[in-house]
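Biologist: Could you walk me through this structure with a few questions and answers? I am new to this, so please take it step by step.

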Amino acid sequence: MRTLPLPDPGTPPLGSPARALWWQAWRQRWILLASLVAGTATMVSQALTPLFIGRALDDGLTHGFGSQLLGWCAIMLVNGAVMVVGGAFSHRFDVQNWLRASFSFSQRVGYKASRTGHRITQKLPTGEVVSAVANDALRIGDVFAMAGRFVGGVLAYVTVAVVMCTQSLKLGLVVVVGLPVVAGIMALLVKPLQSRQATQREAQGHLTALGADTVSGLRILRGIGGEEVFTGRYAEQSQKVRREGVRVATVQSVFDGLQVLLPGLLVALVLWLGAHAAVAGEITPGELVTFYAYAAFLSWPLQLATQMLQMTTRGLISAGKVQAVLGTQSATESADAVTHAPEPGSELVDEASGLRLEPGRVVGLVSADPDAAARVATRLGRFDDEDEADTPVRLGGVRLTDLDKDEVRHRIVVSEATTHLFSGVLGEELDARGRATEEDLLAAMMVADAQDVLDSVPGGLTGELPEKGRSLSGGQRQRVALARALLTDPEVLVLVEPTSAVDAHTEARIAERVAEVRRGRTTLVVTASPLVLDHVDEVVLLEDGLVTTHGTHADLLGRGDAAAARYRAVVGRGMADDSSQEPEDPARLQTTGGTR
């Protein structure tokens, strides 16, 4: 069995859901072919069983117990062995087909979601993306899991039709024509069933998105007293999903009932006609048994056909939903790499603001508008080519949009202010690039002053973090994210407000250690904290989106020009905010040179 995930799941065509399913079928054609062979062997051996029983019955009635009857018994024994072995392999290959198709599409959605950026949530609700993995990919897999048995059922039907028509044309035609009529009646319900399933699927996606938004913002909702409003919205959407489910179930129940009733009526008709033909001497008793068994047996291929019809209907709907996710354009499309990528240690320049990051320097970016500074930092990481088309950033004179995206991600890392932690083993979550040793992990945690996290997580580095690291405090999550960013060890590291959630003493230790570790490597720290700015090589003031002055923290505090005065106002305001929370903080007073 092939290991998952696949090294390259490929990119399916986005033109139509049917083409996507055919494309996936070709991708796993050998497993699919094995499933078709095993399914055909199983179903055809089952189809031949009534024929062998009828022949054995006729020979037994004519010749008694003898070699002919024993011969038929031996044939049935071999046929039974083929049925058992074929069934075992059929199930194995069906499961393989399901796994390959389901997890391939899940992998594609996950790959797309992780590389599309914020564009995917602009185009689709979060619930749609989640449902594409948790629901739609699995339904696509059902189509491929059912394919082998469906094809085997069709060939078994053809086998039975040939046998019955050669023994009794009238009875054979009743069965051969009757079953397609039954299938045609069933097919009339497919379109309304498909329409109602699509509507329910849409409502379910909205419900999932609403639930995810409500849970993620529960703390805020409690703070503003909005729990009742959002609970009411969820309940209303939940009732809508229930109503759509009832509409689906109405058609589905009729469909399932007819699936039993119509084949049963056909069996009764065949039995009635066969009994009259046997009494009239037109068929033998063994042939009557064969016809009766076939009339009952053919309900199974019919059931497989209806199941395949249902699964294909759901699979096409789900494939369309998955295609909607895969069709989302990435915020940073990969470009052909330039002939010569800039040499390591090249200067990084944001042309719109005038910010220049010289190689090997630790720089602080200060702004009265934190959002403006964060936008500059985001541009340096190339997160949205379209929005940043008029604000080019160059590395060694080459625009980031002209570089291969993987090259940019390897050389420039931006750690944003909002911390995002993932569930899993703490050590693995810290080592984003999979190359750190235990000593490296511990060293990074020390630099980020996050040793207490190792004590709070049972097992330390080998302990499990829950979803979003919710077992940690806000300050702990921020420090873990800082350690993770440091462990990437990029050529250029951009840290946005890396110490905003920690106390002054912790911030002072982190600032000193980070500056020491990153000394000699290009680093930008977006902050207005004097404790951090006191340790950087250079401070840059950003006003109205433009760099207006620069210098060391001490230099800007002592200068008498207007730009330096505005810098002191920004830094002093941050100090005043801190003083309202920590009035007895001598460390900040000492670091800022008494400007408080």
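**A helix with two sides, and a surface patch**

Modeller: Gladly! Keep in mind that this is a predicted model. On helix α12, the face turned away from the buried side carries Pro370 and Asp371, which are exposed.

Biologist: Which residues of helix α12 (residues 370–380) are buried?

Modeller: To count as buried, a residue must have under 20% relative accessible area. In α12, the buried residues are Ala372, Ala373, Val376, Ala377, Arg379 and Leu380.

Biologist: How wide an arc do these buried residues cover around the axis of α12?

Modeller: An α-helix has 3.6 residues a turn, so residues three or four places apart point the same way. The buried residues lie on the same side of α12, because the arc they cover around the axis is only 160°.

Biologist: Which residue just after α12 takes a positive phi?

Modeller: Look just past the end of the helix, where a phi of about 55° appears. The residue is Arg382.

Biologist: Is Ile185 in helix α6 buried or partly exposed?

Modeller: Helix α6 spans residues 169–187 and includes Ile185. Partly exposed lies between the 20% and 50% cut-offs. Ile185 has a relative accessibility of 38%, so Ile185 counts as partly exposed.

Biologist: What accessible area does the nonpolar patch with Ile185 have?

Modeller: Ile185 shares this surface patch with Leu169, Leu173, Val177 and Val181. Together, the five have an accessible area of about 430 Å².

Biologist: How many disulfides does a search of the whole structure find?

Modeller: A disulfide is a covalent bond between the sulfur atoms of two cysteines. To count, the sulfur atoms must be within 2.5 Å. For the whole structure, the search result is zero.

Technical notes:
Residues are numbered from 1 along each chain as its sequence is written. This is a predicted model: local features need pLDDT of at least 70, side-chain atom pairs count only at pLDDT 80 or more; totals for chains, interfaces and linings use all residues. Side-chain values use heavy atoms; hydrogens and water are left out. Buried means under 20% relative accessible area, exposed over 50%, partly exposed in between (1.4 Å probe, protein chains only). Helices (H or I, at least four residues) and strands (E, at least two) are DSSP runs, numbered from the N terminus. The arc is that of the directions from the helix axis to the C-beta atoms. Patches are made of residues with over 30% relative accessible area and no salt bridge: like charges are joined within 9 Å, nonpolar side chains (Val, Leu, Ile, Met, Phe, Trp, Tyr) within 5 Å. Accessible areas come from the Shrake-Rupley method with a 1.4 Å probe; for residues, only the protein chains shown count as cover. A salt bridge is a side-chain nitrogen of Lys or Arg within 4 Å of a carboxyl oxygen of Asp or Glu.
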